[in-house]
Structure formats: C-alpha cells, structure tokens
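Hi there,

Here is the structure I promised to pass on to you. Please open it alongside this message, and my notes follow underneath.

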Amino acid sequence: SDNALMEVVRGQLLPRMGRFQLQNVMNSTWAFAKLSCADAELMGQFGDEISRRIAGLAGGDLTMAAWAFATAEHNDQRVMDTLSWEIMKKLPDMIYQDLSNVAWAYA
C-alpha cells in the first residue's frame with residue numbers, strides 16, 4: 001500500500017533530510033501531505049528544514065509549503081509565520097496560482 005511504502009521512505013528521510021537539496025525537501029513535504037500520511041514528527045522536521053533555508057525558496061515553493069502544512073493540519077505557528085513573512089516579500093512576483101494557494105492555506 002501507499003502508506004506502507006511511505007513509512008519506509010519516511011524512515012530514510014528523517015536521518016538525512018539536512019543533506020537533501022531544498023527542492024527535494026519541498027517535494028517530500030508536498031507528497032506526504034497529499035497522501036495524508038504525514039505525522040507531527042515528520043512535518044516538524046520538514047518545517048525546521050524549510051525555515052532554516054527559507055531564503056532559497058521561490059514564491060511558488062513558499063505557497064506549496066504553506067499548502068502542504070495546511071493540508072497535513074500541522075499547525076506550527078512558527079513555521080506558518082516564517083512562511084507568511086517570506087511570502088509577503090515575494091507577493092508582487094507571484095502568479096495567480098500562487099496567490100490562490102496562499103489564500104487557501106491561510107483560510
């Protein structure tokens with residue numbers, strides 16, 4: 001099943017996430033949220049890693065991260081605040097889809 005596979009992937013992600021490229025962290029965050037198989041520990045580690053490297057994220061990546069945390073119902077106010085500050089800096093350059101994702105994530 002998808003959940004069994006994702007549990008094995010989770011076990012491989014946690015100890016080496018800090019060595020992943022930022023895009024891989026973002027893709028993994030989105031995938032676990034989309035499959036509804038993210039737990040608080042995993043989302044917390046995703047949040048820490050994204051917050052640590054947030055300056056390297058483009059507008060679409062920021063909105064994807066906000067969407068993933070909202071979808072996973074991971075209510076880490078520190079992460080969402082960090083994302084919102086960075087999103088505000090990049091709002092003028094965002095496309096409509098990014099703006100829509102922001103609205104949904106913070107609704």
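Let me begin with helix 4, where the buried residues are Gly59, Asp61, Leu62, Thr63, Met64, Ala65, Ala66, Trp67, Ala68 and Phe69. Do keep in mind as you read that this is a predicted model. That list makes helix 4 a mostly covered element, with 10 of its 13 residues buried. The cover over those buried residues includes helix 2, helix 3, helix 5 and helix 6 (96-105). As for its geometry, the end C-alpha atoms of helix 4 lie 18 Å apart, which agrees with the 18 Å that 13 residues should span at 1.5 Å a residue. Just after helix 4 comes Glu73, which has a positive phi of about 55°.

Two of the neighbours of helix 4 are worth a visit in turn.

Take helix 3 (residues 40-52) to begin with: its axis and that of helix 4 (residues 59-71) come within 11 Å and cross at roughly 160°. An angle over 145 degrees counts as roughly antiparallel, and helix 3 and helix 4 are therefore roughly antiparallel to each other. The crossing of helix 3 past helix 4 is left-handed. On the helix 3 side, the contact is made by Met43, Phe46, Gly47 and Ile50, while helix 4 supplies Ala65, Ala68 and Phe69. Sorted by class, this contact of helix 3 with helix 4 has six nonpolar residues, one polar and no charged ones.

Next is helix 5 (residues 77-90), which packs with helix 4 at an angle of about 150°, the axes being 10 Å apart. Helix 4 and helix 5 are therefore roughly antiparallel as well. Here, too, helix 4 passes helix 5 in a left-handed crossing. From helix 4 the contact uses Gly59, Leu62, Ala65, Ala66 and Phe69, and from helix 5 it uses Val79, Met80, Leu83, Glu86, Ile87 and Lys90. The classes in this contact of helix 4 with helix 5 are eight nonpolar, one polar and two charged. Ala65 and Phe69 appear in the contact with helix 3 and again in the contact with helix 5.

Now to a residue that I enjoyed looking at. Thr29 sits in helix 2 (residues 22-34), and is it buried or exposed? Its relative accessible area is 1%, so Thr29 is buried. Setting aside residues up to four places away in sequence, Thr29 touches Met43, Phe46, Ile50, Ala68 and Phe69. Those five residues also take part in the contact of helix 3 with helix 4.

Towards the start of the chain, helix 1 has 15 residues and reaches 21 Å from its first C-alpha to its last, close to the 21 Å expected at 1.5 Å a residue. Met6, Arg10, Leu13 and Leu14 are its buried residues, and the buried residues of helix 1 pack against helix 2 and helix 3.

Last, have a look at Phe20, which is placed in the loop between helix 1 (2-16) and helix 2. With a relative accessible area of 22%, Phe20 is partly exposed. Apart from neighbours within four places in sequence, Phe20 is in contact with Leu13, Val25 and Arg53. Leu13 is among the buried residues of helix 1. Phe20 and Thr71 are 51 residues apart in sequence, and their C-alpha atoms are 23 Å apart in space.

Happy browsing, and best wishes

How values were computed:
Residues are numbered from 1 along each chain as its sequence is written. This is a predicted model: local features need pLDDT of at least 70, side-chain atom pairs count only at pLDDT 80 or more; totals for chains, interfaces and linings use all residues. Side-chain values use heavy atoms; hydrogens and water are left out. Axes are lines fitted to C-alpha atoms, for helices over the stretch in contact, and angles run from 0 to 180 degrees between N-to-C directions. Helices (H or I, at least four residues) and strands (E, at least two) are DSSP runs, numbered from the N terminus. Angles under 35 degrees count as roughly parallel, over 145 as roughly antiparallel, 65 to 115 as roughly perpendicular and the rest as oblique. A crossing is left-handed if the near helix is turned anticlockwise from the far one by less than a right angle, and right-handed if clockwise. Contact means heavy atoms within 4.5 Å. Ala, Val, Leu, Ile, Met, Phe, Trp, Tyr, Cys and Pro count as nonpolar, Asp, Glu, Lys and Arg as charged, and the others, Gly among them, as polar. Buried means under 20% relative accessible area, exposed over 50%, partly exposed in between (1.4 Å probe, protein chains only). The expected span of a helix is 1.5 Å times one less than its number of residues.
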